[in-house]
Amino acid sequence: ESLQRAYALRPLARILSNLGRAHELGGDFATAVDYYQRFLATNPSAEAAAVAREALGVAQRRAAEAAE
């Protein structure tokens, strides 16, 4: 919740990535996927994008497993 409030007050791209990670750690993989995709849509640096793409792949796999 605090990250969502922070993003509402100051919409920084890195907060989207942090929200993705927080939801991933909380087991909400579908929401994590959404936040990682939104982060990648901001055209982050190559390094940040690589980390986010890896995290996105993990979250997508975990979301698919949870749906089975």
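Start with the crossing of α3 and α4: in this predicted model, those two helices cross in a left-handed sense. To see it, select residues 29–40 for α3 and residues 46–67 for α4. Look along the pair and you'll find their axes 9 Å apart, packed at an angle of about 155°. Angles over 145 degrees count as roughly antiparallel, so α3 is roughly antiparallel to α4.

Now turn on side chains for the contact. From α3, show Phe-29, Ala-30, Ala-32, Val-33, Tyr-36, Gln-37, Phe-39 and Leu-40. From α4, add Ala-48, Ala-49, Ala-52, Arg-53, Ala-55, Leu-56, Ala-59, Gln-60, Arg-62 and Ala-63. Color this set by class and you should get 14 nonpolar, two polar and two charged residues.

Next stop: keep α3 on screen and select residues 13–25, which is helix α2. Here the axes of α2 and α3 come within 8 Å and cross at roughly 165°. That angle makes α2 roughly antiparallel to α3, and the crossing is left-handed.

Bring up the side of α2 that touches α3: Ala-13, Arg-14, Leu-16, Ser-17, Leu-19, Gly-20, Arg-21, His-23 and Glu-24. Across from them, pick Phe-29, Thr-31, Ala-32, Tyr-35, Tyr-36, Arg-38 and Phe-39 of α3. Color by class again: this contact splits into eight nonpolar, four polar and four charged residues.

For a last look, leave just α3 visible and highlight Phe-29, Ala-32, Tyr-36 and Phe-39. These residues are among those that α3 uses to contact α4, and they also appear in its contact with α2.

Technical notes:
Residues numbered from 1 in each chain as written. Predicted model: local features only at pLDDT ≥ 70, side-chain atom pairs only at ≥ 80, totals over all residues. Heavy atoms only, no water. Axes fitted to C-alpha atoms, helices over the stretch in contact; angles between N-to-C directions. Helix = DSSP H or I, 4+ residues; strand = E, 2+ residues; numbered from the N terminus. Parallel < 35°, antiparallel > 145°, perpendicular 65-115°, else oblique. Left-handed = near helix turned anticlockwise from the far one by under 90°. Contact = heavy atoms within 4.5 Å. Nonpolar A, V, L, I, M, F, W, Y, C, P; charged D, E, K, R; others polar.
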